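Trainee: Could you take a close look with me at a single part of this model? I would love to hear one helix described in some detail, and then how its surroundings look.

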Amino acid sequence: MASSSTASTTPAAAERASAALAASAPGPRRRGPGLLSHLRFALRAAFRDAPGPMAALIALQIGAALGPPASIAVTQRLVTVAVDTAGHGASGFDAVLPWLAALLATLILSQGPVWQFREPLLQRLRQRLTSDLEERRLALAARMPLWEIEGSEAQDRLDRSGDPGGKVQRLVEDGLLLSATGVSALGVSLLYRVVSPWVVLVFVGSFVPLALHEAAEGRKWDTFTYEQTEPQRRTAYVDRLLTGRAEQKELRVFGLLGHLAARWREGRRALRAERRGLKRAMIVRGLPFAALPWATGLAVAVLLVYRLHAHALGIGAFVALFGGLGSLSGTRGMFGYHLGEMSEHGAEVAHVRTFLEGEPAKRPADPDRSVAGTRPFPRPMREGLRCEGVVFRYPGAERPVLQGIDLRLRPGERLAVVGENGCGKSTLVKVLLGLYRPDAGRVTVDGVDLAELAAGELHAAVSAAYQDYWRFELTAGESIGVGDTRAMGDPDAVRAAAAAGGAAAFVEALPQGFATPVGHVLEGAADLSGGQWQRLALSRAMMRDAEVLILDEPAAALDPKAEAGVYAAFAAASNGVGDGAPERRRAVLMISHRLGSARMADRVAVLRDGRIAEEGTHDELLAAGGMYAGMWEEQAQWYR
Amino acid sequence: MVQVGAATPPLRRGRAAPSLLRFAGWMLQVDPARGALVLALRIVQGASPAATVWLSARVFAEGQAVWAGRAAAAAMLGWLGAWGAVGLLEVALWPLFELASNAVIHDMEDAATARLQAKAGVLRLEAYERPDFHDILRRAREACDPGMMLNLVWNTTDLPQNAVTLLAVGGLVGHWSPTLLPAVVVAALPQPISEIVQARARHFRGRKQTADERLRGYYGTLLSNPGAAKEVRTFDLQAWCLARWRGLFWKVADEIHRQERAQTLARAGLNTVTLLGYAAGLAVAARGLAAGDLPAARFAALLLALRSVQGAAEGIAMSLLGWGGELLLKVGDLFAYLDLGPEEPAGGARPDPSGDIVLEGVGFTYPGKATPALQGVSCVLRSGERVALVGENGSGKTTLVKLLCGLYRPTEGRVLYGGRDMAELHPQALRDLQAAVFQDHVRYAFTLGENIGLGRAEQVADRETVRRAAELGGADAVAASLPQGYATPLTREFEGGTDLSGGQWQRIAVSRGFMRQAPLVVLDEPTASLDPRAEAEVFRSFAQLAGGGGQAAGPNRDATAGGDAGSGPVTAVLVSHRLGSARLCDRVLVLEGGRLVEQGRHDELVAAGGPYARLWAVQSQWYR
C-alpha cells in the first residue's frame, strides 16, 4: 500500500524508496489468521484478565440459552391445562397457577432481572482488558523508533488498534451471545421432533448457509474498512483543522473555512459513496437469507396445522410450537446478526493483534533490536561525542539529509552549528541523541558506538531542548519536571531548572506558581505565549545532570532580554555539571540563526547540503570570508 | 444564545424531550424523503405485532375447532396465509428500512459534523478562550460520533413505532379484557422511571469525570503522538506516562463500576416487578378463562400480547427517559454548543480600504481572566505606514494583532477602521483587506503548493501566483530542495508525505501571507526560525510593502478579489523580537504589561534611552 504511492519521480528512485520502505510497510495486505484464531485470542485474554467476570457471564449465558426452549415447553403445558380447564371455575384457575409460576421463572432466568447483571460484568471485563491491552499498546508505541512513529504507516496502525479493550470485549461478547443463541436455537428446534424429525433437521440445517454468508460478508467488510483507514484519516484531519482552536484565526483571516469545508465534504462524499454502495450490495445479497427463515417457518406452520388436524398434536403443543416459530425466526435473526458482528469485530481484533504481536518495523540501518547493547555511558566523558561519516536518509526520501558528517564535540566545549533552513541541523541533533540511527557511518562517545550502549544509558546522560518542542499541558512544574521524572517531585530541582531555563519569573507570577496548570488539558489552565512555552522547554532540558546538552534554536520565540539570558545560560552550561570538578565538564551544542550567539561558542560548524562546510572559531570563519562571513554580514547590518 | 464575555455563564443542562423533538425535526430537514420513509416504515413495523397477535388468536381459535373436529383445516390455512403475509411484509420491508436508515444515519452524521464546523467558523474567537470551551466542543463532538448518530436515529424512530404497538396491541388487549390493560402498562413503568434518575446520574458523573478522562487521554497521546515522541524518548518518559495513565484509568473505571453495580441492583429489582406484573396479568386472564369469560384461544394470544404491550411501554419510557434519555442529553450537549455565542455578524458596512486604523483606549480581557491583557491603548496607524510592535514575551503584542485584525472585539474602548467602528464592518469584507502571518501558523498536511496557495483559496491552483508568493516569502528554496517541488505532500502524517524543518515551515507561512495583496498586512514573528539570509529577505519584502504604493508588495495586485483593495497604500505591522527590523519601520510601538509605553522612530527611541533603548542595547551587543 504505502510503497505503491511513495513520492518519487524516477523509477530508480522509486525502487530505492520502496526498498527503504519495504520493511516498514506491510505491502499488499496478506490474509492473516482467521476469525476462530481471533476469537481464541480474545477469549484467552478475557480469561487471563478477568476470570471472575467471565465465569459469571458464562453462567448468565447458559441461563439465557435455556430460557426460550424452557418457555416453549412450559407454554405447551400451560395452554393444554388452560384449554382443558376453561370454564371450570376456581379449580381450573388453581390448575393453571403452577404453570404460570413456571413461566415466570423461565422469564426471570432468561431475560429479565438476571440478565441485568450482564452489563456490569461486561463493563468490568472491558475495563480489565483495556487496562491490560491499551497499556501494552501504548508501551509498544512508546518503544517505536522515532523514524517509525513519525511515519503515516505507524499512525495508521495505531489508529486501527485504538481501544483494544473495547474491541476484544466486543468479540468475546459476540462469542458468548452466538453460542447462547446457537444452543437456544438447537433447544427450540429439538422441541419440533414431535412434529417430525425432518423439521429439526431443516431448522438446524438452515443455519449453515446463513453462517457461511455472514462470514463471507464479514471478510469483504473487513477488507473495505482496512482500505478506508488512510482516506478516512485524511478527511478527519480536515475536520480537525476546521474545528481546531489554534487554526481558527488563520482560517478566518485567509477565509479558508469555505474551501476546507468543501474539501471535507468531497472527501466524505467519496468515502460515503463507496460505503453505501457496498452496504447496498450486502443488503441485496442478504435478501434470500432473510426470506429463507420465513419460508421454512410458513411451511412448518402448515405442517403443524395438518398434524393438529390429524390429532397427532395437542392444542397446547400447537399453540406453543406455533408461537415457537416466531421465537425461532427471532433466534435465527439474532444468530445471523451476532455472526455478522463477530466477523466485523474479529477484523478489529485482528488490527489489535497485528499491532501487539506484529514484527517491529525495520530500516536497513537498524540493528537487531532484540540484541540490546550492554556498555555503560562513560562518565565522566573524556573524548566526547564524535560523528564519523554519518549519512542519514528519511524513509521514502530520495536523497540523504546528512551526507557524511564528521564532527566532534568535546567535554566542556561549546559548539555552535549554523546553516540555512532545511540543511539538516535538526536531523543531526536527532542522530547525535540516538533518536535516529545513521544509515552509514557511526556516532561514538569516547570511542563506543551509541548502538552498543545499554538501554537507558544514553538518555540518562544527554538532554535537549528541541526546536519543535512539545507543549506538556500539565502543571507548569510538571511541564518542566518531566525533564527528569526522578527529580520532578523535588521543588528545588524544578525551581533551579526553571531559573536556568529562564522560566522562573513568569511561572512564579502565575496564580498558583509552579502548581498552575498550563495549556488546555487541565481545568483552569493558564494559556501561555509562544515565548513562555519555549522557556518551559528550555527549563525542561535543564532538569538533567547531562554530559551532553543540545539546544536547538532555544531563543527563536524569545524577546531580546530572554534571548540574552539563554545565551548566558549557553555560555555557562559547559561548566554546569554536578560538582563542577574540571573533569566533569558538559559538552554543549547549540543551533541558532542568531549568529551573535555563535560568538560565545568555542567553535562554529557550518552545515551545508548535509555536510560540514566550514569549521572554526567565529573570528576565524569571519576572516575566511566564506559562507559564515556572508551570513554574519546579512544579520549584523541590522544592528550597526 | 449563550453569550461569551468577561464572565462566562454556565451552560444550562439539556432536557431530553425538547432535544428529541429538535433532533427529529432536524432529521426530517436534513433528509426529508428518506427520514419520512424511515419513520413510516417504523410505524408499519409498529402495527405488525398487533396484526400477528390478532391473527394468532384467530389461528388458535380455528385450531381449537379443528382439533375438536368442528372445522376443516382449510379455514385455518386461510388465517395462516394471512399470518404468513404479515411475516412476508416484514421480511420485504426490512431491507428497505435498512437502506433508508443507513443513508439517514450517514447524512445525519455529516450534517451534524458540518454544523459543528460551520459553528466553529462563525463563533467569535473570544469564545475559544472560554475556559470550558474545550469541554463543550469535545462533548458536542462526541454527539457527532458515527455510533451516536446510529443510536439517536434508532431511538428517535423507536418512539413512534412503540407508540403504534402500544396503541394497537393495547387496544386489542383492552378489547379482550378491559381490566387487564392498565395493570400491565403500570407494571411496565417502574424500571424506565428509575432509568431517568440513573441515566442522569451517569451523564453527570461522566461530565464530572471528563477532566480525569481527558488527562488520561493526554497521557496516551504523549505516548503515541509523533510530536511528543522526541521528548518522551530523550527524557525516558514512557514508564512515567504509563504509570499516570494507569492511575487515572482505574480511578475513573472504579468509580464508573461502583455506580453501575449499584444501579444494576435497582434495575434488576424493578425488572422483577415488571415480570410480576406480566404474570399477574396472565393470572387475571386465567381467572377469566376459568370463569368462562375469556376463550382459550385469546388467553393463548394474550401470552404474546402482554409482553408486546409491556415491551412497547418500556420502549417509550426508555426512549424518553432511560437509555434514550441519556443519548438525548448528549445530543443536548451538541445543541448547547450550536447555541453558543456570540457569533460573527453576518453583514455590515464595507470598510474603506485606504482608511487609518485608530485605537481609542483599547483594552482586552480574556474570558475568565481577572487581569486585562491590554489596557488603555490609544494610537493611530496611518494608511501606508510601517509599524513595528515590540515588547517582552507576554506583553500583549499578539493580542493587539488579533484586535487589529478584528478577530477579537475590545472589551474596552474601540478600534476604528477608516472612521468606522470595526464591530460594524462586514467581517468577510474586512478580512479581504487583510493578510496575516501568525506566530503559531498552521502546518497543513497538504502539498507544498497548497500550503502556500491557501493564502488565497480561490487561487490555490494558480501555479504562477503561488510561485511568486513563494519567492517573496522564501519558500521557493524549499520547493527547489524537494524532488516533487510544489507538488510534494507535506508531513509524514499521511502516506508519501515529507517532513520539513521549522524554518522551512516558517518560510511557507510567510509565503502564504504574500498570496494576498491587502491594504493591511500583519506579520507576527515571521522570522523567528529563519536563517539570516531568509530573515533579511523577509525584512526587505516587508520594507517594500508599505510606503509608495508598494509595487513589489504582492505578486499579482490586479487579481485581488476586492478590486480597489489592491491599488491603495499598504499599512504594514511587524511584530518581532529582532529589533533590527524595527529600523525599517516608520514607527515603533513598545508594549509593556499590556500598556503602550513608548512610540516613535527607532532613532528617536534609542536616543530617548527608555525601555526600547534598553532592549536595543541588549540585542545589538551581539553584533558589535
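Mentor: Happy to; here is a walk along one helix, followed by the chain that it meets. Keep in mind that this is a predicted model. Let's take α4 of chain A, which covers residues 90-110 and so counts 21 residues. From its first C-alpha to its last, α4(A) reaches 31 Å, close to the 30 Å expected at 1.5 Å a residue. Even so, α4(A) has a kink of about 25° at Leu97(A), and the proline Pro98(A) comes shortly after that point. Now look at which side chains sit inside: the buried residues of α4(A) include Val96(A), Trp99(A), Leu100(A), Leu103(A), Leu104(A) and Leu107(A). It helps to recall that an α-helix has 3.6 residues a turn, so residues three or four places apart point the same way. Gly92(A), Thr106(A), Ile108(A) and Ser110(A) are also among the buried positions. What do they pack against? The partners of the buried residues of α4(A) are α3 (51-85) of chain A and α9 (238-290) of chain B.

That second partner brings us to chain B, which has 20 helices and ten strands. Its radius of gyration is 34 Å, well over the 25 Å from the globule rule for 624 residues, so chain B is more spread out than a compact globule. The C-alpha trace of chain B spans about 120 × 50 × 45 Å along its principal axes. Of the 624 residues in chain B, 53% count as buried.

How values were computed:
Residues numbered from 1 in each chain as written. Chains lettered and ligands numbered in written order. Predicted model: local features only at pLDDT ≥ 70, side-chain atom pairs only at ≥ 80, totals over all residues. Helix = DSSP H or I, 4+ residues; strand = E, 2+ residues; numbered from the N terminus. Rg over C-alpha atoms; globule rule 2.2 N^0.38 Å. Buried ≥ 20, exposed ≤ 12 C-beta atoms within 10 Å, placed from the backbone. Expected span 1.5 Å × (residues − 1). Bend = angle between axes of the 7 residues up to and from the residue. Contact = placed C-beta atoms within 7 Å.
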